[in-house]
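Let's take a walk through this one together, from a few backbone oddities to the core and then the place where the chains meet. Have the model open and turn it as you read.

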There are 2 protein chains.
Amino acid sequence: MTHPRTLADIPTPALVIDLFAMERNIRTMEDYLSGGPCKLRPHFKAHKTPEIAKRQLAAGTCTGITVATVGEAEVAATFCDDILIANQVIGRDKAARVAELAKSIKIAVAIESELGLDQLSEAAQRTGATIGALVEVNIGFRAGTAPGEPAVALARRASDTAGVELQGLMGYAGHAAAMDDRTQREAAERSAIERLLASVAAVREAGLPCEIVSAGSTGTYDITTQMQGVTEIQAGSYVLMDTAYAKFGLPFEQAFWVQGTVVSRPSETRVTADCGHKSCTMDHGVPDMKDIEGASVMFLADEHAMIAVPPESTLKPGDPVAMWPSHIDPTINLHDVFYVVEGDRVVNVWPIEARGYREQRQPD
Amino acid sequence: MTHPRTLADIPTPALVIDLFAMERNIRTMEDYLSGGPCKLRPHFKAHKTPEIAKRQLAAGTCTGITVATVGEAEVAATFCDDILIANQVIGRDKAARVAELAKSIKIAVAIESELGLDQLSEAAQRTGATIGALVEVNIGFRAGTAPGEPAVALARRASDTAGVELQGLMGYAGHAAAMDDRTQREAAERSAIERLLASVAAVREAGLPCEIVSAGSTGTYDITTQMQGVTEIQAGSYVLMDTAYAKFGLPFEQAFWVQGTVVSRPSETRVTADCGHKSCTMDHGVPDMKDIEGASVMFLADEHAMIAVPPESTLKPGDPVAMWPSHIDPTINLHDVFYVVEGDRVVNVWPIEARGYREQRQPD
């Protein structure tokens, strides 16, 4: 596949990865986890890109891949044989797709309802495969069964269900992962994980298996890994980062950005570039400008970034600009490829294969 | 292509079009414009879907198609032979792609800089084609050359440039289109269009051609069309609408929504569905719930909609939910297809062919 040779040749707007920065992030996480009891199951939803996930897996401290959707699992199954769908799978069609994957790889699903469990069981029995189940305990806001007795009851139900194998528990404390203040974040994550671990103890006391305890995120990776009993963390953003996580002062570098081109200089103090919010989401705030002193993003329209510049700025139509996204996951989900650079040189183009909803792209 | 037979068979999250509502919107706009001097050049950026654009063009009050990007123009050129890129095209590669299209169809580009003009000229001369130029006048915030003498000077420059044909002027008053209050919106749009029309008069007084005067949007369509001298409006959202435009009390119906499935009921007063902001953007606010009395969207996470429900609600995992998006353009840009329904019956699946950045999907 031929591709643009230099940064200046990339058709804008586009996503660019600094390959060395990404590799440093992978190494930093590997060095942190190496030798410890807690492993990493990197979250594929952050970047949806096999070439990145393969490099994460190669680091050697990984148990497998975490995904958020069945479509992501189908893509991840092309390069990984141990996948956790850290999300409820609801619907017979989706359960059937999971069961199909379970014929050839190890795959587990977060469960919180009998409906979800029953649909997975039916699908598994039709294919003769076994689907792993992690009871999702509600330690945050999003979903999950209540900690304690309800979690034990669902775990027991799962262990009694044909075609399903109870493998452990998981929880996601989204409220903690989003707290800017380290002290607050640490307290919230610890308290949430303690609730999860109490349920783990109760499940084991009930004589049920609980091999996997999965939790955590980039924002809490060094808190969660210190909680004895958590076997793996689900961090994803660390590999490329964003400005929201950069505020946390983590040891990971921002390793990707949105490359754009100035298309207008409507006034002395403003330029307009071709990288609007169809190329860079604003759900965690406007992006930061990269490399251009004194410039700041005012807001993003559909196709345009409105950028404030000092009057003495020489920026003019045709000049390159670059923005650090505030939120990695949805920004990457807007694009079909990453342009991978070493300095100014484009060394590769990586498809964001699990972008969007894969089932919408099936010719069926 | 086989497709789901009923609404319940659609893999969620997904975009659904109410075909009859969409057709009523097209007819409402046609009835409004019919017999008047101002035509419609519907904006393709709103939906990026050829099957929708073809139905808009069939209404008979259209001059052609408006697009925002060269990639959209390449898709639109497969079904329309008169295209306006209502946006600056900057970069030699993009200019070359426009010149390639100009070999077989009528295509015009908004210009505001000599750089853009020169790049189009060079590209046109290489192919022997002629590219139309509309001087974009800055009557808002986004881009454009200053009204009056600078606009005349750029128009003169365009008319003297080989390979380029000056065809008229355009302007976009984005600040007016976004004003909720009708009186304020009308005053802002009128004042902006008057500035555009003053530049039109000045260009004509200078002996330069100005056949096309293109402006307006769904939010201002019935204001702009009343301004004598505007030859076409660029409305796009009217065909499917969104909740931001619905607040304006326009005569168009909300004709598309995001279909989801409940995956969790974490508390008596809340359910979680599988339609997060990777399926429905929040840049104009959270979506509204469709059809479910008393339910409202609290917020959207990446993959989850957190929905407040009354305690007596029977909503449970597996139940369908539907949300009216707040902003049509970026929401549609997240998906690969529309599921088209008549009542509960899926009658078609339409590819959102110009989704994302087409150049990223080219094999080279």
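Helices here are DSSP runs of H or I with at least four residues, strands are runs of E with at least two, and both are numbered from the N terminus. Keep in mind that what you're looking at is a predicted model.

With that numbering in hand, go to the loop of chain A that runs between strand S2 (39-40) and helix H2 (50-57), where you'll find A:Lys48. Its backbone is a bit unusual: A:Lys48 isn't a glycine, yet phi is positive, at about 55 degrees. Is this lysine buried or exposed? A residue counts as buried once 20 or more other C-beta atoms lie within 10 Å of its own. A:Lys48 has 28 such neighbours inside 10 Å, so it is buried.

Now hop over to chain B. B:Lys48 sits in the loop between strand S2 (39-40) and helix H2 (50-57) of that chain. This residue, again no glycine, has a positive phi of about 60 degrees. Because 27 other C-beta atoms lie within 10 Å of B:Lys48, it counts as buried too.

There's another backbone feature to look for towards the start of the numbering. In chain A, the peptide bond between A:Thr12 and A:Pro13 is cis, with omega about -5 degrees. A:Pro13 belongs to the segment that comes before strand S1 (14-18) of chain A. In chain B, a cis bond leads from B:Thr12 to B:Pro13, and omega is near -5 degrees. B:Pro13 likewise lies in the segment before strand S1 (14-18), this time of chain B.

On to the interior. The largest nonpolar core has 232 residues, and those touching the most other members are A:Val98, A:Ala133, A:Leu169, B:Val98, B:Ala133 and B:Leu169. Pick B:Leu169 and look around. Leaving out residues up to four places away in sequence, B:Leu169 touches B:Leu134, B:Val135, B:Val137, B:Ala151 and B:Leu196, along with B:Ser199, B:Val200, B:Val203, B:Cys210 and B:Val213.

Last stop, the meeting of the two chains. Here 50 residues of chain A are in contact with 50 residues of chain B. On the chain A side, strand S4 (82-88), helix H5 (114-127), strand S10 (256-267) and helix H11 (328-332) each supply at least two residues. Which of chain A's elements gives the most to this side? That would be S10(A), with four residues. As for chemistry, the chain A side that touches chain B divides into 17 nonpolar, 20 polar and 13 charged residues.

How values were computed: Residues are numbered from 1 along each chain as its sequence is written. Chains are lettered from A and ligands numbered from 1 in the order in which they are written. This is a predicted model: local features need pLDDT of at least 70, side-chain atom pairs count only at pLDDT 80 or more; totals for chains, interfaces and linings use all residues. A residue is buried if 20 or more other C-beta atoms lie within 10 Å of its own, exposed if 12 or fewer, and partly exposed in between; C-beta atoms are placed from the backbone. A nonpolar core is a set of buried Ala, Val, Leu, Ile, Met, Phe, Trp, Tyr and Cys residues joined through C-beta atoms within 7 Å. Two residues are in contact if their C-beta atoms, placed from the backbone, lie within 7 Å. Ala, Val, Leu, Ile, Met, Phe, Trp, Tyr, Cys and Pro count as nonpolar, Asp, Glu, Lys and Arg as charged, and the others, Gly among them, as polar.
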